[in-house]
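Colleague: I'm new to reading protein models, and I'd love a close look at a single part of this one. Could you pick a stretch and walk me through it slowly?

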Amino acid sequence: MVGAAEEAQLARLENQVDNGGGGAWEYLSLVRKLKVRRSDKVFKHGLSILNDHKQRSGLGGEEWTLYEQVAVAAMDCQCLDVAKDCIKALRKQFPESKRIGRLEAMFLEAKGLWADAEKAYSSLLEDNPLDQVIHKRRVAMAKDQGNFSVAIERLNKYLEIFMADQDAWRELAEIYVSLQLYKQAAFCYEELILSQPTVPLYHLAYADVLYTLGGLENYQLAKKYYASTIDLTGGKNTRALYGICLCSIAIGQLTKGRNKEDKDSFELQSLASTALEKEYKKRASDKLPLLAATLRNLKLQP
C-alpha cells in the first residue's frame, strides 16, 4: 500500500512531467518502485524517452527496463502495435529470457487469445512453478472471462504456496464478497488481520462482512471491529461510526433489553452519533440536516 508521503511525491512528479518540467525518468522509476498503475502516463512519457535516441542511450542498461514498462503500459492502453515493437526489441536483446516469454504471454492475453495465453503461461509455469506473476496473470485471465470459480480455485492454490501474500488474500476476499460468499470472505479478512493487525481497512472490511452475515454473535463481533477501525484511524472513519450505530440497533432489536451489554452499547452508539455530528460539521455542514434525519430514523436522535 502506498503511503501518503509517497502518494504526494508521485502526484508532484506527475504534475511536473505533465507540464513540461522534466523528470520523466524519475517519475517512471517511482511508478515502478511503488508498483502503482499509471498506464496512460507511463505509455506517454516512456514512449517519448524511447523515441529519443539521446535520452534512451543515456539510460544504459535501464533502457530495457523501460522497454518492459512501456510494453505493459501499452497493453493496458490497447496500443498493441507499440507493445509488440517493445517486446520484439526485448526478445532480440534477450533471446533466451523467460521474463520476455511472460510478456509474450501477456500480449496474447491482451489480444484476447485466451487459449494461446493459457498454453503459454502453463508452459512457463512448468519451468518455474514459483513464478508469482504468472500465477496472478492466470487468476486475472479467469476473472476477465467471467470464470470466477476458476479464479477462486487458482487463488486458493496460489495461497497454499504463498500464504503471506496479502494482496492475494484481499483479492480472494473481494471475489467472495462479489459472489455473496460472505463466510469465505470473512475467513480471508481474518487472515489479513492476523498478518497485519494495524491496517484499519481490513478491520472495516471484516466488520462489513460480519454485519452482512447477521445474527447476534456476528453483530457483536462486527461492532468490535468497527470500534477497532475507529481506534486505528483516530476516530475519523465515518463508515465505521455508522457501523457502530447500525450494529447497536440490530443487537438491541434481537436482545430486546435482555443483554447485559445494552447499557455499554447505548453509550457507544451515543458516542458514535456525536462523533458523526462533529465530523459532518467540520467537513460537510450542508449535509447536517440529512444526518439528523438519518439518525432520527435510526432512533439515535430525538
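Modeller: Happy to! Let's take residues 100-209, whose two end C-alpha atoms are 41 Å apart. This stretch is 81% helix and 0% strand. Please keep in mind that we are looking at a predicted model. The choice of stretch comes from UniProt, where an unreviewed entry lists residues 100-209 under "domain: EMC2 TPR-like". The domain assignment of the chain draws its borders elsewhere: domain 1 covers 1-94, domain 2 covers 96-194 and domain 3 covers 198-302. The centres of domain 1 and domain 3, taken over C-alpha atoms, are separated by 44 Å.

Now let's zoom in on one residue, A142. You will find A142 in helix α9, which is made of residues 132-144. Is A142 buried or exposed? Its relative accessible area is 3%, and the cut-off for buried is under 20%, so A142 counts as buried. What does A142 touch, once its neighbours within four places in sequence are left aside? The contacts are N147, V150, A151 and R154. You can also look back along the chain to W114, which is 28 residues away from A142 in sequence. The C-alpha atoms of W114 and A142 are 9.2 Å apart.

Next, follow the chain to H203, in helix α13, which runs over residues 200-213. H203 has a relative accessibility of 7%, so this residue is buried as well. Not counting residues up to four places away in sequence, H203 touches I193, P197, Y225, S228, T229 and L232. P197 deserves a second look: its backbone oxygen is 2.7 Å from a polar atom of the H203 side chain.

One more residue to visit is C188, which is buried at 1% relative accessibility. Seeing a cysteine, you may wonder about disulfides. A disulfide is a covalent bond between the sulfur atoms of two cysteines. How many disulfides does the structure hold? The count is zero. For an example outside our stretch, take C77, which is partly exposed at 29% relative accessibility. Why does C77 form no such bond? The closest cysteine sulfur belongs to C79 and lies 5.5 Å from the sulfur of C77, which is too far for a bond because the two atoms would have to be within 2.5 Å.

To retrace the tour on your screen, start at A142 in helix α9, pass the buried C188, and finish at H203 in helix α13.

Note on methods:
Residues numbered from 1 in each chain as written. Predicted model: local features only at pLDDT ≥ 70, side-chain atom pairs only at ≥ 80, totals over all residues. Heavy atoms only, no water. Domains from an automatic or database assignment. Helix = DSSP H or I, 4+ residues; strand = E, 2+ residues; numbered from the N terminus. Buried < 20%, exposed > 50% of the residue type's maximum accessible area, 1.4 Å probe, protein only. Contact = heavy atoms within 4.5 Å. Polar contact = N/O pair within 3.5 Å; in protein donor to acceptor, adjacent residues only side chain to side chain. UniProt positions renumbered as here; feature names shortened; annotations may be inferred.
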